[in-house]
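Biologist: Could you take me on a close look at the charged side chains of this model and the loops that carry them? I would like to know what pairs with what, and then what lies around those places.

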Amino acid sequence: MSSSQIIVLAVPFFLLLIAIEFAWGYARGRNTYRLNDAVNSLSLGMLSQLSAVFTRLLRVGIYTAIYSSVALFPNAEFWNHWYGWLLALVFYDFCYYWLHRAGHESAVFWAAHVVHHQSQDYNLSTALRQTSSGALLGWIFYVPMAVAGVPPLLFGSVALIDLLYQFWVHTEHVRKLGWFDRWFCSPSNHRVHHAVNDRYLDRNYGGILIIWDRLFGSFKEEDEKCVYGTRSPLNSWDPLWANTEVYWSLLKDSWHAKNWADKLRVWFKPPGWRPPDVAARFPKPPFDMTQLEVFHPPLSRSVRWFGALQFGLLLLGVIAYLWQAEAMALAPRVIWLGVLLAGLWSVGGLLQGRLSILQVLLISSAALATASAALGLRELHLVFKPLTLLIAMILVAARARPTWAGGRFDAYLLMALAASLAGDVLLMLPGYFIPGLLAFLVAHLFFIALFRQGVAWFPSRRTLWLTLLTGLAMYAFLWPHLSPLLKGAVAAYVLVITLMAAQAIGRALVLRDQASVAVAVGAGFFMLSDALLATNRFVQPLPLAQLWVLSTYYVAQILIASHARPVNPSGHKQV
């Protein structure tokens, strides 16, 4: 049984204990849960396990290679006895202490570990909030175990034991435990570790044993109320951003640093250290706990219920994925990972108020349409491909409804999407490539009329010529492979889509707002999708062609459908 399957079997127990803690806190008037925060923590735990499917080989492979090459005491008889297991567990916990400490004292390790600390709540769901990038460097701290001769299978077993032990200490409902607190990591000791209070900062690193902290001077007893989170609050429910925010901050500071030594030093200094010249040019306010606010965007009842339902479906999807992952070939493993990532990201956007329910459905349907095409699941594809554009049309109509009178802009957008839907359906049918091409040509004509609203025809002449030259180059590339009938049809299509892109990019250069830029990017993805489609059909079959063609196509449609309506200075969408 794989470690992923062991985690799957543990999931019902995790969820049961979380439900019990919630019920206990609710009944006693001390609820420590919020839906958005708990979903974010669980999403990060799911993302961590999904990434482990790909990084496990790195961790186990390196450990096994070192063990096989330089193990000093690879005595299987010794390690298989109870005392060998106990020694291995203590050895692992000792190594974990130093990894954990490095995660607080070196920026590059903090960039991975910060995920576990971002929650401003402290409950059992926080325990499952784990990093997806820790394995990239974390293996370094366990090299001594491989050198000593701890067998890889035993190493993996004690690692799992150490990890599972730490689940129960993430609660506010268990007070101090007397003698137990002096020897072991306990809820009281670990609350201190998660706190941002000055007196608690960077303390109590032990995983199972707290004696390491007492030995190495990092222990602090809980003696005042803990305030949780990080000193640079995440303020987001995006699980992908949660895993990358500190890396991005370090990358920016390294880029802006003038001194080459500082560019490197940024990554290894303690978290929060910044080169003096960077701190002077890009100042950040000092941490003030009195100004700390809990991140809690308001949510309607319908959004809460839909978010919970969507998250539940994603949880089932992740469980199924983890159970089957080891038996999957690489391509389906990566493709289904992409579907799950899109789902987790969109639920985070929903709970944060960045995405609507219809946008989440649009993204989910697009991901499933792409995956089903790439994996040859025809029945599934026949459902989700037309459904995606139907959802896009409903999204546009719902947004336009309050100001429908005179809504020419929305009419153009709906007609463009309707023609795209017709093209989608026709391209799924054998022998209907030319009609499908004509449907998309009509769609792009409506897009051109759409992007003309409020600006001049092709307001950037340079952009117009550049896109036309790009289209001409693509047509020249296709020319030798086209039949006489297709040469005219493809020429007309290439001309129209390049004009569409030129109009969209020119509009963005005039309006200079995020929405018009997003639309211009969408137009660029449309060109890329069509180029991939034509290359695959007429020139050379591409590996996983449907994946690249449809993923770029849906990025284009989602960006345009979500952002095409312009915003006037008052902040309201124009008709």
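Modeller: Happy to. A salt bridge here is a side-chain nitrogen of Lys or Arg within 4 Å of a carboxyl oxygen of Asp or Glu. Please keep in mind that this is a predicted model. By that rule, the count of salt bridges comes to 12. In general, side chains of opposite charge can pair when their charged atoms come close.

Let us start with Asp-223. Its partner is Lys-220, and the closest N and O atoms of this salt bridge are 2.8 Å apart, which is within the 4 Å cut-off. Asp-223 counts as partly exposed because its relative accessibility is 45%, a value that falls between the 20% and 50% limits. The pair also belongs to a wider group: Arg-199, Lys-220, Asp-223 and Glu-224 are linked in a network of salt bridges.

Next comes Glu-221, whose side chain meets that of Lys-176 in a salt bridge, at 3.1 Å from N to O. This pair links distant parts of the chain, with the two residues 45 apart. Glu-221 sits in the loop between helix 12 (211-215) and helix 13 (239-256), while Lys-176 sits in the loop between helix 9 (152-165) and helix 10 (179-183). Both ends can be placed on the accessibility scale: Glu-221 is partly exposed because its relative accessible area is 44%, and Lys-176 is partly exposed at 41% relative accessibility.

For a pair inside a helix, look at Asp-277 and Arg-281. Their side chains meet in a salt bridge at 3.2 Å, N to O. Both residues lie in helix 15 (residues 276-281), four residues apart, which is about one turn of the helix. Arg-281 has 39% relative accessibility, so it counts as partly exposed.

Some charges gather without a partner. Arg-28, Arg-30, Arg-175 and Lys-225 form a positive surface patch. A patch takes in residues with over 30% relative accessible area and no salt bridge, so these four have no such partner. Arg-30 is placed in the loop between helix 1 (3-27) and helix 2 (35-70), and it counts as partly exposed because its relative accessibility is 37%.

As a contrast in side-chain type, there is also a nonpolar surface patch of about 400 Å², made by Met-1, Ile-6, Leu-9 and Trp-323. Trp-323 belongs to helix 16 (residues 301-324), and at 34% relative accessibility it is partly exposed.

Two loop residues deserve a look at their backbone. Most residues other than glycine have a negative phi. Asp-202, however, has a positive phi, near 60 degrees. Its place is the loop between helix 11 (187-194) and helix 12, and it is partly exposed because its relative accessibility is 32%. Asn-235 also has a positive phi, near 50 degrees. This residue lies in the loop between helix 12 and helix 13, the loop that also holds Glu-221. Asn-235 is partly exposed, with a relative accessible area of 40%.

What about the cysteines? A search of the whole structure finds zero disulfides. Cys-95 is in no disulfide, and the nearest cysteine sulfur, that of Cys-185, is 17 Å away. For Cys-226, the closest cysteine sulfur is again in Cys-185, at 13 Å, so the two are too far apart for a bond. The cut-off for a disulfide is 2.5 Å between sulfur atoms. Cys-95 is buried because its relative accessibility is 4%, and Cys-226 is buried at 6%.

Finally, here are two pairs that compare distance in sequence with distance in space. Phe-306 and Val-347 are 41 residues apart in sequence and 9.3 Å apart in space, C-alpha to C-alpha. Phe-306 lies in helix 16, and it is buried because its relative accessible area is 15%. Ser-483 and Met-527 are 44 residues apart in sequence and 22 Å apart in space, again C-alpha to C-alpha. Ser-483 is placed in the loop between helix 22 (461-478) and helix 23 (484-511), where its relative accessibility of 32% makes it partly exposed.

Conventions. Residues are numbered from 1 along each chain as its sequence is written. This is a predicted model: local features need pLDDT of at least 70, side-chain atom pairs count only at pLDDT 80 or more; totals for chains, interfaces and linings use all residues. Side-chain values use heavy atoms; hydrogens and water are left out. Patches are made of residues with over 30% relative accessible area and no salt bridge: like charges are joined within 9 Å, nonpolar side chains (Val, Leu, Ile, Met, Phe, Trp, Tyr) within 5 Å. Accessible areas come from the Shrake-Rupley method with a 1.4 Å probe; for residues, only the protein chains shown count as cover. Buried means under 20% relative accessible area, exposed over 50%, partly exposed in between (1.4 Å probe, protein chains only). Lys and Arg count as positive and Asp and Glu as negative; His and the chain ends are not counted. The place of a charge is taken as NZ of Lys, CZ of Arg, CG of Asp or CD of Glu.
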